[in-house]
Amino acid sequence: MRHSGLQKEVLGLYRHCLRESRKKPVSTRPHFEQFARAEFVRNLSLDKRDFAAIEFLLRKGRRQLEVYSGPGIKDIK
């Protein structure tokens, strides 16, 4: 199955989130992974043709990733 450009961006952001979670302390790593998974699952029902909403969520997700990947952030709840 081929993915559209937007689908590839979403998958790429998810993979980036999981990669960043591996840089966190082992004890809190599952919290970051669960948070990322929950954020993506929460928006599964979104119509795949709703490009404006998807692009907005991608921007929001990238900003969140930038904040949470900072070295000062040790845990997320």
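These are my notes from a first look through this structure.

**Entry 1: the overall picture.** I noted before anything else that this is a predicted model. I looked up the secondary structure and got 3 helices and 0 strands. Following the sequence, I read the pattern as α-α-α. For the extent of the C-alpha trace I wrote down about 40 × 25 × 20 Å along the principal axes. The chain has 77 residues, and 22% of them count as buried. I also checked contacts between residues at least 6 apart in sequence: 65% of those join residues at least 24 apart.

**Entry 2: helix α1.** I went to α1 next, which runs over residues 5-21 and has 17 residues. From first C-alpha to last it reaches 24 Å, close to the 24 Å expected. Which of its residues are buried? I found Leu-6, Leu-13, Cys-17, Leu-18, Glu-20 and Ser-21. Looking down the axis of α1, I saw that these buried residues fall within an arc of 170°, so they line one face of the helix. Then I asked what covers them, and the cover includes α2 (29-42) and α3 (51-68).

**Entry 3: the core.** I pulled up the largest nonpolar core and counted 7 residues in all. From the α1 list I recognised Leu-6, Leu-13 and Cys-17 there, and the rest of the core is Ala-36, Ile-54, Leu-58 and Leu-65. Both α1 and α3 supply at least two residues of this core. I picked Leu-6 for a closer check: leaving out residues up to four places away in sequence, it touches Phe-51, Ile-54, Glu-55 and Leu-58. Two of those contacts, Ile-54 and Leu-58, are core members as well.

**Entry 4: the pocket.** How big is the largest pocket? I have its volume down as about 890 Å³. It is lined by 34 residues, and those closest to its centre are Val-10, Leu-13, Glu-39, Phe-40 and Asn-43. So much for Leu-13 belonging to one list: it is in the core too. I checked where the lining comes from, and α1, α2 and α3 each supply at least two residues.

**Entry 5: Tyr-68.** Last stop was Tyr-68, which sits in helix α3. Is it buried, exposed or partly exposed? Tyr-68 is partly exposed, because its relative accessible area is 27%, and buried would need under 20%. Not counting residues up to four places away in sequence, Tyr-68 touches Lys-24, Phe-32, Phe-35, Ile-73 and Ile-76. I also compared its position with Glu-39: the two are 29 residues apart in sequence and 14 Å apart in space, C-alpha to C-alpha.

Definitions and conventions
Residues numbered from 1 in each chain as written. Predicted model: local features only at pLDDT ≥ 70, side-chain atom pairs only at ≥ 80, totals over all residues. Heavy atoms only, no water. Helix = DSSP H or I, 4+ residues; strand = E, 2+ residues; numbered from the N terminus. Expected span 1.5 Å × (residues − 1). Buried < 20%, exposed > 50% of the residue type's maximum accessible area, 1.4 Å probe, protein only. Arc of directions from axis to C-beta. Contact = heavy atoms within 4.5 Å. Core = buried A, V, L, I, M, F, W, Y, C linked by side-chain atoms within 4.5 Å. 1 Å grid on protein atoms, 1.4 Å probe; cavity = no way out; pocket = protein on both sides within 12 Å on 5 of 7 lines; lining within 4 Å. Points joined across faces, edges and corners; volume = space filled by probe spheres on them.
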